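Work through the exercises below with the model open beside you. Try each task before you read its solution.

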Amino acid sequence: MTFNTTFKGGLIAAISSAIITLGGTAQAEYPEKPVDMTVLFGGTANTIAQLLSELMSDALGQPVVPVSRTGGGGAVGYSHVVGTAPDGYNIVWNSNSISTTHHTGRVEFDYSAFTPIARVSTEIPALAVNASTGWTNLDEFTAGVNAMDGKLKVGISGKGSFTHLTSAALFDAMGLTDKVAFISYGKGKAPVELLAGRIDAAIQWPGQFASYVESGDLNVLAVTGSERVGVLPDVPTAQEQGVDINISMWRGLAAPAGTPDDAVAKLQAAAETAVASDAFQEASKNIGFSPAFMNAADFGALIESDDAFYGTLLQQLGLAK
Amino acid sequence: MDLFLHALSLALTPLAIGSIGLGALVGLIFGSTPGLTFTVALALALPMTFSMDPVPAMGLLMGTYIGGMTGGSVSAILLGIPGTPSAAATVLDGHPMTKQGEASIALGTAVIVSVFGGIFSLAVMIVSVDLVSQVAIGFGPAEIFALVLFGMSTICGLCGDSLLKGLIAGVLGLMIMTIGIDTIEGVPRMTFGSVNMLQGVNLLVAMIGVFAVPFVIEALSEKTNTSAQDTRVVRVKVELPKIGLLIRNAWLMIRCSVLGTGIGAIPGTGGAIASFLAYDHAKRFSKEPERFGKGNIEGVIAPETANNAVTGGTLIPLLSLGIPGDPATAIVLAGLMIHGITPGPALFMNHASEVYGIYVAVVLAYIWVLSFQMVGIRIFVHVLKIPRETLAFAVLVLCAIGAYSIRNSAFDIYAMGVIGVLAYLLIAMRVPITPIILGMVLGPTLENEFRTAMMLSSGNADIFYTSPTVLIFFALALLVIGLQLKSEFMRKTKRQQQ
Amino acid sequence: MANRMQDIVLGATLAVLAVIWTGLVIDTIPRGFGDGEIGARAFPLIFGIILLVLAVLLLGRLILNSEPDVRTEYDVSADAELPQPGGVKWMPAVLLLAEIALYGFLLEKIGFVLATPVIVLLIMLLNLRVRSIPKLASMSLGLTVSCWVIFEKLLGIYLANGTWINIG
């Protein structure tokens with residue numbers, strides 16, 4: 001054991017001297033080695049991250065390596081990044097999950113443990129129902145639900161998930177809170193559950209519904225953001241239909257707090273170039289998200305105001321810790 | 001016909017054929033290396049497809065998927081360490097065959113029946129995609145729960161000499177998978193406040209631990225002189241299965257293909273359940289069930305046919321409904337989406353020629369896999385000549401790389417170590433370990449579907465006896481358990497008479 | 001008879017484990033919200049109870065039925081690759097667990113390229129008692145370099161980078 005501790009002590013000493021020398025040169029010219037980008041989720045988040053990192057590598061002159069660290073609704077990846085050195089070589093592909101993981105008590109730290117770099121994209125949830133209901137807009141939907149016996153079964157991807165929060169906020173704004181029951185089911189199954197009539201409505205990402213809308217099987221009644229979405233241009237927003245709600249999921253980049261400004265500036269510029277590229281714009285149409293670059297300062301303000309919003313919402317739903 | 005010719009012209013370009021071959025090769029390497037899994041290979045292949053045309057891009061991904069699924073049997077047969085959960089059932093008879101010096105026959109058979117199962121399911125899919133997807137839509141949470149319960153009942157056939165110990169192993173597997181965040185309510189379970197425990201135990205990590213670590217412990221505890229130890233004769237001969245063997249088992253192959261295709265078509269199930277059901281089915285209908293588990297070729301044919309038949313089956317919900325069956329197909333889905341091929345009911349209207357191109361790519365992938373493996377088997381069998389200690393080191397490092405690569409987390413390496421050592425102790429106590437894997441594969445689905453079904457019915461249990469499909473699967477599960485108890489009883493009385 | 005003793009130990013350990021598990025589940029996991037919801041607690045709880053019942057059955061069978069279980073006699077024990085009954089190699093097992101844990105820790109701290117030779121050397125020295133320098137060097141370096149070339153360079157897998165020190 002003595003051997004072990006001395007060994008460890010020696011190692012730490014050797015390493016810290018290595019870090020000091022590295023630190024000296026790092027300030028000279030960022031970036032001089034690959035940047036490690038933590039990805040918190042699979043699926044769409046991962047696909048966008050892989051594309052973004054490739055485009056950013058070109059702009060930055062050093063590879064940006066997407067490294068998947070999933071689990072705990074983002075808690076695992078955020079914890080990893082918080083523990084790394086704030087030198088610009090460790091960044092996280094973040095999202096609103098920073099607020100939900102904090103407010104549900106999964107991680108101790110909150111958004112202020114990170115320096116925002118840039119917002120990159122947004123995804124706007126959409127409300128869909130089976131076409132056989134005949135509902136085509138939110139008014140018909142509200143009237144139909146109020147006329148129903150029992151509760152409307154609304155599919156979500158799990159308690160505390162983003163689709164759950166969006167559904168809760170939307171139905172609250174529409175005054176239907178007492179008429180809905182939330183059903184959790186596996187990811188990506190929303191269209192089939194709607195088609196089979198096992199659930200009555202679902203809030204999910206528009207890309208999942210696109211093909212079913214085209215075939216006439218499902219009706220998408222509204223999207224919850226302030227603007228319409230590219231994959232479903234005919235679907236009005238909830239605001240257009242008189243329901244005051246503006247919820248969208250953003251994704252962006254952040255680094256541990258204390259990352260030097262020049263590194264943040266270079267990463268922000270690389271992200272801006274990547275988002276403006278044709279490849280990124282093209283992919284956004286296919287996958288169903290919106291490119292939405294926003295600089296570090298504005299992004300920081302957005303994160304702050306969103307965090308307050310989701311904190312209150314989770315409190316109301318009894319999910320906050 | 002024009003459509004078909006157009007599809008051929010898309011899929012038969014040198015670039016497409018090459019990328020399918022590359023995918024098949026990479027998939028085979030990942031699938032056949034203990035520890036590495038083809039889900040990771042798919043994740044690595046995805047960015048490579050960004051700049052390609054849709055058909056070569058999908059060819060690369062489908063090639064990787066199919067190569068990986070087929071490759072999983074290689075280390076299962078040679079080392080007793082399955083390359084994917086779908087190959088866990090193949091270990092039961094494939095590895096004993098290796099010990100009897102018949103490794104190459106087992107490997108050759110596995111490849112040929114895999115190709116058969118894959119092509120068969122593709123044909124079924126092409127002919128009946130609409131019909132099957134209609135049936136698949138009817139599979140709600142209650143139906144899937146019943147199917148998974150039926151799958152669990154096959155534990156009985158995997159227990160070896162003690163039903164009780166097999167059930168214990170199954171329950172341990174179920175318990176392990178409840179650790180982490182509960183997906184339905186979002187609450188942590190048995191995490192002791194640790195952030196790393198929130199990610200739960202990954203199925204692949206646990207599988208690597210259960211099969212590889214006991215092997216490494218045994219091999220590395222022979223601490224005497226390393227070279228003198230290897231006195232056992234290593235019989236390495238290359239002998240491919242004879243046509244007669246395949247013809248004799250044609251009917252079994254067809255049945256297992258149907259089973260695999262059907263299960264693959266149901267969203268949320270997958271290769272592992274299909275291969276276990278097929279194994280159990282083969283054993284139950286065999287004239288000599290007592291030979292199973294000791295190197296019976298039928299015990300290789302059944303699971304390998306079924307798990308590759310799943311590849312065609314999963315394409316049905318993937319393409320016609322846009323639902324991925326497992327993490328691997330989720331990456332294939334991402335590949336489709338990024339190339340603007342949005343799966344769903346409108347797919348066949350908008351992208352018919354690309355879809356047919358993908359079908360051709362699947363056939364090509366199987367041709368590549370077959371030719372790679374015919375060469376590969378001759379190389380793979382020489383793994384058996386490597387001294388056990390050296391092999392154990394390689395397996396240990398590969399498993400660490402593999403476990404780490406899934407989520408890039410040291411937690412997974414700790415989990416692999418802990419689960420592996422526990423599995424070693426269980427093996428020493430004569431507890432069969434295959435049911436642990438079955439419990440882990442099916443546990444999360446079993447729980448989540450049951451809870452979703454109860455939510456759908458507002459807590460009313462009649463959802464489980466009003467659907468005929470549910471009742472059929474319950475009946476099948478009861479039948480399997482009943483037959484098992486009967487044969488246990490008969491064995492006992494026989495012994496008392498002696 | 002060794003088998004029987006071993007099964008008693010197994011049954012008892014599992015019973016204790018099941019009781020601890022069930023207790024922890026009741027203590028730490030909240031029940032469901034009602035309205036048809038089967039809470040997060042139900043399944044782990046049921047699994048714990050089933051394990052307890054099975055462990056008790058195993059013990060009960062051993063106590064009631066004193067004749068040795070004939071069925072365990074076939075084949076399995078003839079398999080040289082499996083640990084023998086009563087022959088659990090505790091030292092190697094515990095040692096390897098410690099080494100795997102250390103490996104995981106070192107991977108995060110000093111990266112794959114440094115952690116791998118350290119662990120391979122450690123296993124060779126401690127488990128296999130190899131003392132020949134050429135053997136030690138060739139195995140640890142050979143394995144590390146070949147894995148690094150094949151996986152990091154050829155196949156593009158992300159091998160761990162260290163947070164304390166990082167080369168490669």
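**Exercise 1. Find how strand S1 of chain A pairs with S2 of chain A, then place both in their sheet.**

Step 1. S1(A) and S2(A) run parallel and are joined by five bridges. Two strands pair if DSSP finds at least two bridges between them. Helices (H or I, at least four residues) and strands (E, at least two) are DSSP runs, numbered from the N terminus.

Before going on, note the ground rules. This is a predicted model, in which local features need pLDDT of at least 70 and side-chain atom pairs count only at pLDDT 80 or more, while totals for chains, interfaces and linings use all residues. Residues are numbered from 1 along each chain as its sequence is written, chains are lettered from A and ligands numbered from 1 in the order in which they are written, and side-chain values use heavy atoms, with hydrogens and water left out.

Step 2. Take A:Asp36. Its bridge partner in S2(A) is A:Val65. In S3(A), A:Asn90 stands opposite A:Asp36.

Step 3. Look at the S3 side. S1 (residues 35-39) and S3 (residues 90-95) of chain A run parallel, joined by four bridges.

Step 4. Trace the connection. S1(A), helix H2 (residues 43-60) of chain A and S2(A) make a right-handed β-α-β unit. Right-handed here means that, with the strands pointing away from the viewer, the path from the first strand over the helix to the second runs clockwise.

Step 5. Write out the sheet. It is open, has six strands in the order S2-S1-S3-S10-S4-S11 (chain A), and its pairing is mixed. S2 (64-68) and S11 (290-294) of chain A each have a single partner strand, so one side of each is left without a neighbour in the sheet. On average, neighbouring strands of this sheet are turned by 25° against each other, direction ignored. Angles run from 0 to 180 degrees between N-to-C directions, and axes are lines fitted to C-alpha atoms, for helices over the stretch in contact.

**Exercise 2. Describe the five-strand sheet of chain A and the helix on it.**

Step 1. This open sheet has the order S7-S6-S8-S5-S9 (chain A), with mixed pairing.

Step 2. Find the edges. S7 (180-184) and S9 (218-223) of chain A each have a single partner strand, so one side of each lacks a neighbour in the sheet. The average turn between neighbouring strands is 30°, direction ignored.

Step 3. Check one pair. S6 (residues 152-156) and S8 (residues 201-204) of chain A pair in the parallel sense over two bridges. A:Gly155 stands opposite A:Ala202 in S8(A).

Step 4. Add the helix. H8 (residues 206-215) of chain A packs on the sheet and touches S5 (126-130), S8 and S9 of chain A. Contact means heavy atoms within 4.5 Å. The direction of H8(A) makes about 140° with that of S9(A).

**Exercise 3. Classify how helix H4 of chain B packs on H6 and on H5 of chain B.**

Step 1. Start with H6(B). H4 (residues 54-79) and H6 (residues 103-137) of chain B pack at an angle of about 160°, with their axes 10 Å apart. They are therefore roughly antiparallel. The cut-offs are under 35 degrees for roughly parallel, over 145 for roughly antiparallel, 65 to 115 for roughly perpendicular, and the rest oblique.

Step 2. Give the hand. H4(B) passes H6(B) in a right-handed crossing. A crossing is left-handed if the near helix is turned anticlockwise from the far one by less than a right angle, and right-handed if clockwise.

Step 3. Sort the contact. It has seven nonpolar, three polar and no charged residues. Ala, Val, Leu, Ile, Met, Phe, Trp, Tyr, Cys and Pro count as nonpolar, Asp, Glu, Lys and Arg as charged, and the others, Gly among them, as polar.

Step 4. Turn to H5(B). H4(B) and H5 (residues 88-99) of chain B pack at about 55°, with their axes 6 Å apart. That makes H4(B) oblique to H5(B). This crossing is right-handed. Its residues divide into five nonpolar, five polar and no charged.

**Exercise 4. Where does A:Pro31 lie, and what is the omega of its bond to A:Tyr30?**

Step 1. A:Pro31 is in the loop between H1 (2-26) and S1 of chain A.

Step 2. A cis peptide bond joins A:Tyr30 and A:Pro31, with omega about -5°. Most peptide bonds are trans.
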